[in-house]
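Work through the exercises below with the structure in view, and try each task before reading its solution.

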Amino acid sequence: MRVVNREFLATVLREAAAVDLRLAGRTLLHAAVVGLLAGLMGAAFFAGLEGLQQLVLEGLAGYHPLRAHGETFLADLRGIPFRPWLLVLLPALGALAGGAVSQLAPETRGGGGDAMIDAFHQRNGLIRKRVAWVKAVASLLTLGTGGSGGREGPTMLIGGALGSLAGGILRVSPQERRILMVSGVAAGIAAVFRTPLGAALLAVEVLYRDDFESDALVPAVLASVTAYSVVISIFGESTLFAQPNRFPFIIKHLWLYALLAVLVSGLASLFLLALRNVQSLTARLAIPEWTKPGLGGLALGIFAVPLIILIGWRVGQPGQGLGLLGGGYGAVQMAISGSPWLPAGWGGAALLAMLCGAKIISSSLTIGSGGSAGDFAPSLVIGGLFGGAFGRAAQFLLHDPRLDPGAFALVAMGTFYGGVSHTPLSSLVLVCELAGSYDLLVPLMLAEGIAFIVLRKKSLYRAQVASRAESPVHGLASAQPDLLRSARVVQVMRGTSALGVAAALAPEIAVRAQDSLRTAAQLLLRHKLREIPVVDGAGQIVGMLDEADISRFYLDATTRTPPPQPASASGSMPAPPPRPAEPDPDQGGAATPDLPGPTPPPDE
């Protein structure tokens, strides 16, 4: 019991330390290394995915994906006949192969964001080694054959796995491992999205509904910048979306952005409903788990290919991509800057709205069935398509030449994802970086604020917790980090006989009644004492303080119970229970205690 008390005090003191003490230089150096690795990984993943899509979708099926400005890494293949019958089957075959690969690490199924968040809160930042390559291969197979999802969700988990791996190899503390995991998430997003600041903010904000992981912000920024630098040194510097002109701020248009935010919030609720329904239906199917993504891929092909055939016939371009297969950023680019085959006026607005609804169904079928595809990109694409439709409708109805549909597409894109993921700040910055301009800062702030309120009870990520105080990895220390510093010894000490104490302990090892409990805890740990005498201003012993007394006071205060009053009778308080053991993902879920000190790397 005494050992437990001592470990508890050491944990409380370490977790309650100031941020600048925890962000040691070695952690920043480690974060830079993680950023370098994640940057190389992101560049390889992006190039591999684009190459596989060109080989399979363009080379075999004659399908021409829509690409955004920053995705034009490879030249389009032309002259290949469109084969719709093959395009129906490709998403099913790729998702089936991805599902088979995911058997090696079941946590890689689905988007990747929830698995990353769960690893942070429930596993203290531990992610198995195999997750990085299993997620990469499964996502390449799923997305490269037309799965309707994004590459950012997978790179969240892959980057986090690299950070966790680095923490294990370097044998850092659990706290540092969590920071490196978050740094890897930021680097992974920056590598494929090319938004260094937004990626760092998202990595620390997406973990909570109402909070953010402030300790990891500086390392995440450093890792993100490193990864971004690696990627642009390979592919060149460019934003994901090109915009034809500037977006001037017009105060009379703010009411339109407010209305847009309300409508986007309703659309986000519809997307979550569709996604959860597909997940629920898939869970009830009595077939092997690894085959379910293949079934979702088949449903995607049957649903999306007829639309591709119909619209390709209408615009005279067979096999023309619409953003339904793959990430869909090209469709958002079309909503922002237009396209030669996009109709003007109501026709263009109706087409974008139709594609928006179709993308909701397509992405729900892929992600909801367990396909290894991110839910980040679909959220942005659905919002962008709806915003483009809204902007064109407003332009047509109000006859205001100052209205730019591209501005509404960008604002709706950030509002949609920021609302469903509870990340308003990072989503705002992300959109500005994606567009290469902060012209829409004020409309984004307004729309993000409205969506944050409207979507309070809905979330894309079920693994999110409300705040640091509710996270198991922070536990009691995050609830009131200054509690031991503000509480006085006199509040907790036990009155006792001075003669009895004087005979047992050396009087020079003592604490004053008005000292903080933090000072007393540090003395106990430094001198390896179980209890310490309390003296008054004249040096006379007036009481005793036991390590269990401090632990009990802290537990009572952080669970909102009244702190104990000074007692006149001696006697030790019961020792607090140890922190719950965390499951070791590489030992079949066996429990390993989270005690201070380095944690060995996972075995697999």
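A residue is called buried when its relative accessible area is under 20%, and exposed when that area is over 50%. The model used in these exercises is predicted.

**Exercise 1.** Decide whether asparagine 124 is buried or exposed, and find where it sits in the chain.

*Solution.* Begin with the place of the residue: asparagine 124 belongs to the loop between helix 5 and helix 6 (130–144). Next, take its relative accessibility, which is 2%, and set this against the cut-off of 20%, so that asparagine 124 counts as buried. Finally, look at what its side chain meets, and you will find a polar contact of 2.4 Å with the side chain of arginine 178.

**Exercise 2.** Apply the same reasoning to histidine 30, and state which residues it touches.

*Solution.* Histidine 30 is part of helix 3, which covers residues 25–58. Its relative accessible area is 14%, and because this is under 20%, histidine 30 is buried. When residues up to four places away in sequence are left out, histidine 30 touches Leu170, Val172 and Leu180. A further step compares sequence with space: histidine 30 and alanine 223 are 193 residues apart in sequence, while their C-alpha atoms are 8.8 Å apart.

**Exercise 3.** Test whether the span of helix 16 agrees with its number of residues, and then describe its two ends.

*Solution.* Helix 16 runs over residues 405–421 and has 17 residues, so at 1.5 Å a residue it should span 24 Å. The C-alpha atoms at its ends are 25 Å apart, which agrees with that expectation. At the start of helix 16, a side-chain oxygen of aspartate 404 comes to within 2.9 Å of the backbone nitrogen of glycine 406. The residue that follows helix 16 is histidine 422, and its phi is positive, near 55°. As for cover, 17 of the 17 residues of helix 16 are buried.

**Exercise 4.** List the buried residues of helix 22, and say what comes just after this helix.

*Solution.* Helix 22 takes in residues 517–526, and among them Leu517, Arg518, Ala520, Ala521, Leu523 and Leu524 are buried. To read such a list, recall that an α-helix has 3.6 residues a turn, so residues three or four places apart point the same way. Just after helix 22 comes lysine 528, which has a positive phi of about 55°.

**Exercise 5.** Describe the largest pocket and the largest cavity by their volumes and their linings.

*Solution.* Start with the largest pocket, which holds about 650 Å³ of space. It is lined by 34 residues, of which Pro106, Glu107, Arg109, Gly110 and Asp114 are the closest to its centre. Helix 5 (113–122), helix 11 (254–284), helix 12 (292–315) and helix 14 (346–368) are the elements that give two or more residues to this lining. Turn then to the cavities: the whole structure has 7 of 30 Å³ or more, and the largest cavity has a volume of about 190 Å³. Its lining counts 19 residues, and Gln53, Glu71, Gly326, Gly327 and Gly328 are the closest to its centre. Helix 3 provides the largest share of the lining of the largest cavity, with 4 residues.

**Exercise 6.** Give an account of the protein chain as a whole.

*Solution.* Count the secondary structure, which comes to 23 helices and 5 strands. Then consider burial: of the 604 residues in the protein chain, 58% are buried. Among contacts with a separation of 6 or more, 79% are between residues 24 or more positions apart.

How values were computed:
Residues are numbered from 1 along each chain as its sequence is written. This is a predicted model: local features need pLDDT of at least 70, side-chain atom pairs count only at pLDDT 80 or more; totals for chains, interfaces and linings use all residues. Side-chain values use heavy atoms; hydrogens and water are left out. Buried means under 20% relative accessible area, exposed over 50%, partly exposed in between (1.4 Å probe, protein chains only). Contact means heavy atoms within 4.5 Å. The expected span of a helix is 1.5 Å times one less than its number of residues. A polar contact is a pair of N or O atoms within 3.5 Å; within protein, one must be able to donate a hydrogen and the other to accept it, and residues adjacent in sequence count only if both atoms are side-chain atoms. On a 1 Å grid over the protein atoms alone, a cavity is a set of points where a 1.4 Å probe fits but cannot get out, and a pocket is an open set with protein on both sides within 12 Å along at least five of seven lines; lining residues have an atom within 4 Å of a point. Grid points are joined across faces, edges and corners, and a volume is the space filled by probe spheres set on the points.
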